[in-house]
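Colleague: Please take a close look at one charged contact in this structure. I would then be grateful for a connected account that leads from that contact to its wider setting.

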Amino acid sequence: MKTFLATAAVLVAFLPAMGFSQNTTNFARIGRVDRFDPALDGLLSKDAVIEVLCGGFDWAEGPVWVPEKGNKFGGYVLFSDIPPNSVIKWQEGVGASVFLKPSGYTGVADYGREPGSNGLALDAKGRLVSCEHGDRRISVLTAGGGKVTLADRWNGKRFNSPNDLAIRDNGDIFFTDPIYGLPRREKDPLREIDFCGVYRLQEDGTVTLQSKEISRPNGIAFAPDHKTLYVANSDGRDPVWRAFQVKEDGNLGASRPFFDSSKAEGISRGGGDGLKVDAKGNVFATGPGGVLVISPGGKLLGRIATGERIANVGWGNDGSVLYLTSDMYLCRIKTLTRGAGFK
Amino acid sequence: MYIADYVNHQIFKVAPGTSKPVVFAADAMMNQPNDLAITYSGTLYASDPSWSAKTGQLWKITVDGRTTRLAGQMELSSLPNPLNRLGTTNGIEVSPDGRTLYVNESAQRKIWAFAIDSGGNLSGKKLFKSFEDHGFDGMRCDVDGNLYVTRYGKGTVVKLSPSGKVLAEIDVLGSKPSNICFGGPDGRTAYVTEVEHTRIVSFRVGRPGLAWRRWQEATDNQ
């Protein structure tokens with residue numbers, strides 16, 4: 001074996017002065033884009049590639065773009081690494097580092113495989129809102145201070161393990177509460193609520209149950225007009241993404257099946273995890289084999305397949321770059337569309 | 001920063017704040033050198049393979065630039081066995097306590113652990129880990145002494161415990177990882193040069209890199 005390229009420097013001094021930074025143009029590439037419908041060409045160009053930005057995570061989840069004034073790249077990505085109870089920051093040109101630990105469990109007893117935070121979002125003030133498994137709450141990280149609990153109970157009973165959230169334009173937080181963050185999951189003796197709900201949390205702290213018709217509600221996101229709420233079911237026995245009407249009073253009305261992976265062609269049956277919606281109403285939903293791209297009418301257009309399991313997505317930069325938390329990797333792919341809410 | 005010049009049998013030094021390499025050490029008896037490891041006190045160890053002969057040497061370079069051949073090549077009859085016999089020495093690293101020098105032989109697929117004595121010389125050699133397939137290239141320790149070894153040809157980095165147990169194996173998305181270092185804001189990002197696609201791949205690790213930690217301590221003390 002010829003390893004002449006292996007000549008190495010021992011970097012003992014002045015790395016920062018050298019301007020050593022993460023390679024920003026030549027990231028490793030994995031996976032592929034499956035094209036099931038020509039309409040996908042308007043959302044993902046034929047030469048779009050999945051880039052691996054960093055790896056080595058246990059189970060990456062909940063990517064959120066944090067705009068930052070004065071930042072050369074306009075901001076950075078935060079995401080949860082659930083098993084090690086951490087939120088990771090990835091900054092282009094710098095790399096990944098621990099942003100927050102503990103992120104979702106502050107206890108001392110062992111709390112199973114997934115104690116950390118899961119879904120993340122920014123509120124209207126730009127503060128980080130977290131779904132916390134171990135502390136079983138929705139929290140907000142205050143500027144210059146600690147966390148404030150926004151909700152940890154419904155009707156006096158502790159949540160199972162808040163999983164993912166969507167913040168409405170009026171400030172209401174809608175979130176899902178399946179059992180994945182409990183050490184023994186559905187059989188856990190710590191459970192106080194015997195179903196997995198979708199909840200509405202208003203700014204005054206009021207928590208109202210909106211639905212318990214989904215066996216394992218998981219990913220959740222609003223359509224661009226905030227009058228429809230999509231919720232994934234991660235239960236493979238009922239692999240249906242549902243669309244809820246948001247009523248005038250701000251509560252959820254009737255739901256309808258929006259997409260059923262068991263009836264779609266080209267993909268296998270399977271439940272869904274995190275999802276986001278673009279400005280045109282297309283749904284980018286993690287599901288069997290990758291990120292399913294589904295038209296507003298419920299038609300499967302394509303799939304972004306990293307080749308690994310994938311938990312969630314989130315737009316960043318100018319709104320066109322889709323970040324993917326895919327098992328041990330943080331990846332991204334450039335899209336031809338923009339995430340809902342990006343201007 | 002020290003740079004192994006594998007063409008001209010020498011090691012460059014680049015002083016902080018400058019970008020001009022000056023010759024720090026040179027020895028016509030070197031085949032290459034290929035890779036470097038550094039101790040807390042600044043002593044360098046260099047691997048020095050002969051690819052054609054499938055042998056190799058090890059060098060010590062003290063802070064004054066003096067070179068000493070510590071091991072390798074048969075003509076050094078004054079050296080006791082088994083230090084005489086070495087394969088294609090390639091990746092090289094010193095443990096956090098400065099008492100063990102790890103050297104891999106990429107053609108022979110063995111990683112050796114040499115005992116470093118108080119004079120910085122080698123006093124013993126034992127097999128640390130061997131593999132049946134592919135090769136090795138550069139390797140580095142984290143602060144706990146776990147050794148991350150590039151598996152050249154296989155396309156992975158293996159994390160070995162100080163007792164030689166495989167703790168993890170990380171796919172680097174290309175078959176030819178050639179070297180590794182740790183950096184980033186918390187020293188817990190591994191950066192790997194990968195030759196097949198000529199790119200840098202990064203992944204997260206549990207503990208900071210040894211060299212990164214030393215750099216932090218050095219700058220904290222200023």
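**A salt bridge and its setting**

Modeller: In this predicted model, Arg185(A) is partly exposed, with a relative accessible area of 34%. That value lies between the cut-offs of 20% for buried and 50% for exposed, and therefore the residue is placed in the middle class. The side chain of Arg185(A) meets that of Glu114(A) in a salt bridge, with a distance of 3.8 Å from N to O. The two partners come from distant parts of the chain, 71 residues apart. Glu114(A) belongs to the loop between β8 (95-100) and β9 (117-122) of chain A, while Arg185(A) belongs to the loop between β16 (173-177) and β17 (197-201) of chain A. Glu114(A) is buried, with a relative accessible area of 10%. The pair thus joins a buried glutamate to a partly exposed arginine.

This contact belongs to a wider set, for the structure holds 26 salt bridges over all chains. Another of them is formed by Glu51(A) and Arg332(A), whose closest N and O atoms are 3.0 Å apart. This pair also links distant parts of the chain, with the two positions 281 residues apart in sequence. Glu51(A) is found in strand β4 (residues 50-54) of chain A, and Arg332(A) in strand β29 (residues 329-334) of chain A. How accessible are these two charged residues? Glu51(A) has a relative accessible area of 14%, and Arg332(A) has one of 10%. Since buried means under 20%, Glu51(A) counts as buried, and so does Arg332(A).

Salt bridges can also be joined to one another, as in the network that links Arg32(A), Asp34(A) and Arg303(A). In chain B, the side chains of Arg66(B) and Asp64(B) meet at 3.3 Å, N to O. Both Arg66(B) and Asp64(B) are exposed.

Chain A also offers a view of strand pairing around β6(A). All 7 of the 7 residues of this strand, residues 75-81, are buried, so the strand is largely enclosed by the rest of the structure. It pairs with strand β5 (residues 60-67) of chain A in the antiparallel sense, over 6 bridges. In this pairing, Glu61(A) stands opposite Ser80(A). Strand β7 (residues 86-91) of chain A also runs antiparallel to β6(A), and 5 bridges join the two. Here Asp81(A) has Ser86(A) in β7(A) as its bridge partner. The strands β6(A) and β7(A) form a hairpin with 4 residues between them. Within the turn, Asn85(A) has a positive phi of about 60°.

A further loop position in chain A is Ser268(A), which lies between β22 (252-260) and β23 (275-277). Ser268(A) is partly exposed, with a relative accessible area of 45%. Once its neighbours within four places in sequence are left aside, Ser268(A) is in contact with Ser261(A) and Pro288(A). From Ser268(A) to Glu68(A) the C-alpha distance is 40 Å, and the two are 200 residues apart in sequence.

Chain B, the home of the exposed pair, may be described as a whole. The chain contains 1 helix and 18 strands. A compact globule of 222 residues would have a radius of gyration near 17 Å, and the 16 Å of chain B agrees with that. Of its 222 residues, 58% count as buried. The C-alpha atoms fill a box of roughly 45 × 45 × 30 Å along the principal axes. The accessible surface comes to about 9100 Å², and carbon and sulfur atoms make up 51% of it.

How is chain B divided into domains? Domain 1 covers 1-130 and domain 2 covers 136-222. Their centres, taken over C-alpha atoms, are separated by 19 Å. Domain 1 contributes 22 residues to the contact, and domain 2 contributes 22 residues.

The helix of chain B, α1 (residues 210-220), has Leu210(B), Trp212(B), Arg214(B) and Trp215(B) as its buried residues. The elements that cover these buried residues include β4 (35-38), β8 (89-94), β12 (139-141) and β16 (177-183) of chain B.

Key: Residues numbered from 1 in each chain as written. Chains lettered and ligands numbered in written order. Predicted model: local features only at pLDDT ≥ 70, side-chain atom pairs only at ≥ 80, totals over all residues. Heavy atoms only, no water. Buried < 20%, exposed > 50% of the residue type's maximum accessible area, 1.4 Å probe, protein only. Pairing = 2+ DSSP bridges. Salt bridge = Lys/Arg side-chain N within 4 Å of Asp/Glu carboxyl O. Rg over C-alpha atoms; globule rule 2.2 N^0.38 Å. Areas by Shrake-Rupley, 256 points an atom, 1.4 Å probe, with all protein chains shown as cover. Contact = heavy atoms within 4.5 Å. Domains from an automatic or database assignment.
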